[in-house]
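Trainee: I'd like to learn how to read a protein model. Could we go through one together, piece by piece?

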Amino acid sequence: SAGGVLGVAIIFLLEKLNNTFRSIPQLESATGETVLGIIPTIGRKVRRKSVLVRFREKPKGSLAEAVRSLRTSILFSDVDNPPQVVMFTSSVPREGKSTTAMLVAMTSRQMGKTAIIVDCDLRLPALADLLGTNDDKPGLLSAIDGTATVDQAIYQDEDTGLHVLMTKKSEPRSSVNAADILSSKKFSDMIEDLKKQYDLVILDTPPTLAVA
């Protein structure tokens with residue numbers, strides 16, 4: 001019937017207009033890069049704090065298994081020289097970048113390895129809000145400008161046991177040029193020092209399409 005033909009035509013049109021990736025081979029073919037892992041979606045209305053709680057409460061769930069698989073893929077991406085510093089980013093905000101970074105760090109801790117997250121989003125820091133700490137204690141910027149030591153600036157979360165070097169809203173940031181700081185020798189030296197203390201150093205960076 002005419003209705004059936006119209007329905008099929010609409011389906012083909014929608015398929016043609018769809019520009020999303022639906023499979024790993026499709027994504028790898030388009031980018032030329034290897035997909036290290038896929039993290040299942042929890043739902044847009046679920047708060048990030050709730051994701052961390054669910055992760056801890058269900059260590060054998062699909063989310064925990066996916067994160068363990070991602071961590072393993074990262075470490076085995078170079079078998080002879082496993083990466084010790086890993087950077088997480090996204091294209092735009094609210095794609096789960098900071099949450100995924102925390103889950104990988106938590107997984108490393110569960111597997112007996114030490115890990116620290118460095119919050120490199122100097123304009124819109126997320127980890128302080130995610131962990132529920134917005135005190136006036138020193139953070140990343142204080143460690144870089146020398147007003148506090150790195151050890152003084154590292155925050156240890158009681159619930160997750162994570163070590164985090166976070167950017168605090170209480171630290172002055174009005175005149176801060178994030179690109180200059182993150183490309184500075186001081187920041188590079190700090191990461192080298194952290195590599196001596198931790199098995200894995202995770203850099204949680206800003207979305208690539210949002211800032212310089």
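**A walk through the model**

Mentor: In this predicted model, 35% of the 212 residues of the protein chain count as buried. Ask away.

Trainee: How many helices and strands does the protein chain have?

Mentor: Here you just need the secondary structure of the protein chain. It comes to 10 helices and 5 strands.

Trainee: In what order do the strands sit in the sheet?

Mentor: The sheet is an open one, and its pairing is mixed. Strands of a sheet pair through backbone hydrogen bonds, either parallel or antiparallel. Here the 5 strands follow the order S1-S5-S2-S4-S3.

Trainee: Which strands stand at the edges?

Mentor: Look for strands that have a single partner strand, so that one side is left without a neighbour in the sheet. That description fits S1 (85-88) and S3 (155-156).

Trainee: How do S3 and S4 pair, parallel or antiparallel?

Mentor: S4 covers residues 163-165, and 2 bridges link it with S3. Glutamine 156 stands opposite histidine 163 in S4. The sense of this pairing is antiparallel.

Trainee: And how many bridges join S1 to S5?

Mentor: These two strands run parallel. Valine 85 stands opposite valine 201 in S5, and valine 86 has isoleucine 202 as its bridge partner there. The number of bridges joining S1 to S5 is 4.

Trainee: What stands opposite alanine 115 in S5?

Mentor: S2 holds residues 115-119, and 5 bridges join S2 to S5 in a parallel run. Opposite alanine 115 you'll find leucine 200.

Trainee: How many residues of S5 are buried?

Mentor: Take the two faces in turn. Leu200, Ile202 and Asp204 are buried on one side, and Val201 and Leu203 are buried on the other. S5 is therefore largely enclosed by the rest of the structure, and its buried count is 5 of the 5 residues.

Trainee: Which residues make up the uncovered face of S1?

Mentor: In a regular strand the side chains alternate between the two faces of the sheet. In S1, Val86 and Phe88 are on the covered face. The uncovered face has Val85 and Met87.

Trainee: At about what angle does H5 run to S5?

Mentor: H5 takes in residues 97-110. It lies across S1, S2 and S5 (200-204). Its angle to S5 is about 170 degrees.

Trainee: Is threonine 107 buried or exposed?

Mentor: Threonine 107 is in H5. Leaving aside neighbours within four places in sequence, its contacts are Phe55, Val67, Arg68 and Arg71. The cut-off for buried is under 20% relative accessible area. Because threonine 107 has 1% relative accessibility, it counts as buried.

Trainee: How wide an arc do the buried residues of H3 cover?

Mentor: H3 spans residues 48-57, and Val51, Leu52 and Phe55 are buried in it. Their arc around the axis puts them on the same side of H3, and it is only 100 degrees.

Trainee: Which helices help to cover those buried residues of H3?

Mentor: One of them is H5, which we've already met. What covers the buried residues of H3 also includes H4 (62-75) and H6 (127-131).

Trainee: What is the volume of the largest cavity?

Mentor: A search of the whole structure finds 1 cavity of 30 Å³ or more. Its volume is about 30 Å³.

Trainee: Which element gives the largest share of the lining of that cavity?

Mentor: The lining consists of Arg71, Ile74, Leu75, Val86, Val104 and Leu200. The largest share is 3 residues, and they come from H4.

Trainee: How far apart are the C-alpha atoms of glutamate 192 and valine 85?

Mentor: Glutamate 192 lies in H10 (residues 185-197), and at 40% relative accessibility it counts as partly exposed. Along the chain, glutamate 192 and valine 85 are 107 residues apart. Their C-alpha atoms are separated by 9.4 Å.

Trainee: What separates the C-alpha atoms of leucine 141 and methionine 166?

Mentor: Leucine 141 is in H7 (residues 140-145) and is buried, with a relative accessible area of 8%. Along the chain, leucine 141 and methionine 166 are 25 residues apart. The separation of their C-alpha atoms is 8.6 Å.

Terms used
Residues numbered from 1 in each chain as written. Predicted model: local features only at pLDDT ≥ 70, side-chain atom pairs only at ≥ 80, totals over all residues. Heavy atoms only, no water. Pairing = 2+ DSSP bridges. Contact = heavy atoms within 4.5 Å. Axes fitted to C-alpha atoms, helices over the stretch in contact; angles between N-to-C directions. Buried < 20%, exposed > 50% of the residue type's maximum accessible area, 1.4 Å probe, protein only. Arc of directions from axis to C-beta. 1 Å grid on protein atoms, 1.4 Å probe; cavity = no way out; pocket = protein on both sides within 12 Å on 5 of 7 lines; lining within 4 Å. Points joined across faces, edges and corners; volume = space filled by probe spheres on them.
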